[in-house]
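Could you walk me through this structure in plain language? I'm new to it and would like a guided tour.

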Amino acid sequence: MHGQITLDNARTVRFLNGGVRFFLAAALTAARISGGGAPFALGFTAACGAGLDGMCALAGSALGALVFLEFSTGLAHIAVAILVYTAAVAFRGLKLLDRPLFTPLIAAGMTLAVEGIYVAQSLSPMDHLTPCLLSTVLAGVSARCCAPLTRGGEEEKKPEALEFLAVTLLLAFSDVAPGGISLGRTAIACLVLFTAWQKGAASGAVTGVWAGLLADLCAGGAPVFTAGYGFAGLAAGLRTKHSRISAGALWLLAELTALAPVTQARGLFAVEEAALAVPLFLLIPRKLLGGKRIKQAAPPESGALPTLRERLDRAAAAFRDLYDSLGRGVVQSTEENPAIVFDRAAERVCRGCALCDLCWKKEYGATYNALNDATPYLLERGRALAKDFPNHFSSRCIHLPDFLTAINGELSAYLLRKQYRRRMEETRQDAKGQYARLSDLLTATAANLEAVPTSGARRDYRIGAAIKPKQGESACGDTLASFETDDGLLCLLLSDGMGSGEAARRESALTCRLLRQFLEAGVEAEAALNTMNAAMSLRGQETGSFSTIDLLTLRLESGEAALYKYGAAPTYIKRFGRVRRITGAALPAGLKPAPAGPDVTHVSLEPETFVVLISDGTADSGHDEWLQNLLAGWSGTDPQQLANLILREAEKQNGLTDDCGVQVLYLPPEETKKV
């Protein structure tokens with residue numbers, strides 16, 4: 001029953017996602033630039049990629065073109081959308097598609113290719129060239145800005161991408177202008193004012209400039225909105241997080257100053273829209289303005305941990321996220337075609353037969369049909385008989401008994417593999433259900449429990465970290481994390497995703513995030529790692545990926561530390577001139593099913609000790625003499641300087657042939673207390 005409910009929820013989510021993309025693409029088609037094109041919808045369609053989401057965006061973009069665009073412009077728009085979707089399907093599954101600039105270049109290139117034909121065939125090509133180039137650039141920019149909203153799912157959406165989508169959607173309503181005042185641009189002005197007040201003058205000015213520029217491109221003419229929004233956003237940002245009334249007053253004063261020289265009617269309308277945005281901004285509920293206006297909960301008393309109920313709730317949330325992560329990847333199909341039975345049998349028997357050329361070349365069609373007709377009988381009965389094959393095939397085959405024996409052997413192996421995959425899928429679904437049920441059980445148990453006290457003095461520490469992607473990649477596949485749990489356990493995490501680039505970064509980031517949730521919920525490190533390994537083994541059946549895990553835990557009261565490794569590079573402990581090197585032999589998490597645990601090393605860390613965690617792109621166990629010499633000769637006390645130095649030297653030694661990550665922990669000397 002639980003599995004059925006999960007399946008229905010997943011289908012509902014996919015249906016809703018597709019519907020949202022359909023309506024967004026259709027609405028964005030109404031945001032037309034001065035040349036008549038709708039590049040924002042094309043960029044959004046490209047960002048949605050292939051699959052059901054991309055198909056829904058394509059349908060919405062086509063519908064919007066028929067409703068909002070002129071006939072010839074609409075045809076060109078639909079042609080570009082189809083080409084963009086076709087390219088996404090053609091490159092689906094390739095690493096090239098994960099590169100940040102690939103999809104924007106596809107969107108821009110397809111736009112230029114199609115609209116360029118219309119420009120070349122027009123009576124005045126030079127008059128249409130500028131709108132064509134403008135559509136090309138905006139389609140690529142839109143695809144790049146919308147990508148964080150349509151791809152992935154493990155990380156939070158970027159606020160800049162949300163702002164861009166909001167502005168382009170509001171531009172679709174810019175023509176709704178009762179009395180000459182555009183409702184869409186009024187809402188955009190309110191958004192810029194809110195951003196300036198929330199984030200400061202620099203963000204307000206930047207947001208105002210690009211939002212105003214888009215408004216000017218849709219309205220045509222002089223850059224009235226660019227100047228007005230940019231200057232007004234800069235002024236309003238001077239009152240960051242202060243009185244909204246003073247921010248609105250500065251906004252309106254700056255808008256009047258910037259547009260005072262403008263004598264066109266559009267300048268007057270721009271001032272009126274900016275003035276109307278101020279009361280809208282003042283009417284925004286305080287709850288939407290961030291934590292500054294919300295009454296903060298009283299901090300917990302010093303020396304006490306959160307209640308056990310809160311810790312159980314965190315553990316439940318960790319198991320729920322782990323359960324959700326098992327269904328996010330694209331499942332790789334492992335089903336075999338039954339024809340492989342005949343292929344392997346023929347390889348064993350027919351290759352040396354005198355009639356091989358006759359059966360498999362001259363009469364290939366008849367042979368293929370004979371084997372295809374016999375397949376249902378083989379699968380139903382579980383073995384092959386001579387009567388399953390047509391007379392023309394069985395009478396011609398001079399090695400029929402040997403061929404049947406080979407078929408039966410391969411068929412048995414095929415059915416065993418099929419049964420194994422089915423049982424593995426059932427096991428995976430059962431494990432998913434167990435994570436969900438365990439989450440529900442922990443949530444139900446977490447009630448009316450006492451607080452857990454803490455005691456003991458805590459040691460001081462400093463942390464430095466540095467990462468660098470593989471040469472040619474824009475994203476680093478290594479993820480670093482450091483945090484302190486409520487019961488005084490300091491944790492340093494380093495995860496290296498399989499491969500490099502954005503896909504590897506997503507895997508390592510997911511690994512660190514889930515493991516952090518378990519540790520912060522109070523789950524013991526080894527138990528959390530064993531759970532992660534089992535879950536990642538199941539997830540690997542969906543995505544074919546894995547990640548290394550390098551975890552350091554330190555009790556701040558006692559200095560007792562433990563190193564846990566799943567396929568991780570060596571760890572180095574330096575105190576004064578001595579360097580200790582700790583390695584592990586366990587495979588990366590997900591490559592070996594449970595109950596395979598991590599390599600564990602327990603150490604006691606004294607003051608003035610450095611602990612260095614690295615990924616294998618920085619140095620591996622077979623080539624790390626340079627790193628040990630560097631650490632032995634290091635005389636500084638700043639862990640960030642040491643991390644940067646290691647990264648620079650690793651680049652010299654290895655040439656950035658892989659992602660590099662370094663995390664350094666330093667325990668400073670204890671302060672001498674006066675008697």
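Let's start on the outside of this predicted model. Leu63, Leu66, Val67 and Phe68 make a nonpolar surface patch of about 400 Å². Take Val67 as a sample: it is found in helix H3, which covers residues 51-68. Is Val67 buried or exposed? Its relative accessibility is 55%, and because anything over 50% counts as exposed, Val67 falls on the exposed side.

Helix H3 also takes part in a salt bridge, where the side chains of Arg21 and Asp53 meet with N to O at 3.7 Å. Arg21 belongs to helix H1 (residues 2-28) and Asp53 to helix H3, so this pair ties together parts that sit 32 residues apart in sequence. The two partners differ in how much cover they have: Arg21 is buried, at 10% relative accessible area, while Asp53 is partly exposed, at 23%.

That pair is one of 16 salt bridges found in a search of the whole structure. For another example, hop over to helix H19 (residues 502-520), home to both Arg505 and Glu502. These two form a salt bridge whose closest N and O atoms are 2.6 Å apart, and they are three residues apart, about one turn of the helix. Glu502 has a second partner in Arg506, with the closest N and O atoms 3.9 Å apart. Here the spacing is four residues, again about one turn of helix H19. Put together, Glu502, Arg505 and Arg506 are linked in a network of salt bridges. As for cover, Arg505 is partly exposed at 23%, Glu502 is partly exposed at 23% too, and Arg506 is partly exposed at 22%.

Now step back and look at the whole chain. Its secondary structure comes to 22 helices and twelve strands, and 45% of its 675 residues are buried. Which contacts hold residues that sit well apart in sequence? Counting contacts between residues at least 6 apart, 72% join residues at least 24 apart. The chain exposes about 33,100 Å², and carbon and sulfur atoms supply 59% of that area.

Finally, let's go looking for empty space inside. Rolling a probe the size of a water molecule over the atoms shows where such space is left. How many cavities of 30 Å³ or more does a search of the whole structure find? The search turns up five, and the largest holds about 130 Å³ of space. Its lining has 14 residues, with Cys350, Cys353, Cys359, Trp360 and Cys397 lying nearest the centre. Helix H15 (residues 356-362) gives the most to that lining, with three residues.

Terms used:
Residues are numbered from 1 along each chain as its sequence is written. This is a predicted model: local features need pLDDT of at least 70, side-chain atom pairs count only at pLDDT 80 or more; totals for chains, interfaces and linings use all residues. Side-chain values use heavy atoms; hydrogens and water are left out. Patches are made of residues with over 30% relative accessible area and no salt bridge: like charges are joined within 9 Å, nonpolar side chains (Val, Leu, Ile, Met, Phe, Trp, Tyr) within 5 Å. Accessible areas come from the Shrake-Rupley method with a 1.4 Å probe; for residues, only the protein chains shown count as cover. A salt bridge is a side-chain nitrogen of Lys or Arg within 4 Å of a carboxyl oxygen of Asp or Glu. Helices (H or I, at least four residues) and strands (E, at least two) are DSSP runs, numbered from the N terminus. Buried means under 20% relative accessible area, exposed over 50%, partly exposed in between (1.4 Å probe, protein chains only). Contact means heavy atoms within 4.5 Å. On a 1 Å grid over the protein atoms alone, a cavity is a set of points where a 1.4 Å probe fits but cannot get out, and a pocket is an open set with protein on both sides within 12 Å along at least five of seven lines; lining residues have an atom within 4 Å of a point. Grid points are joined across faces, edges and corners, and a volume is the space filled by probe spheres set on the points.
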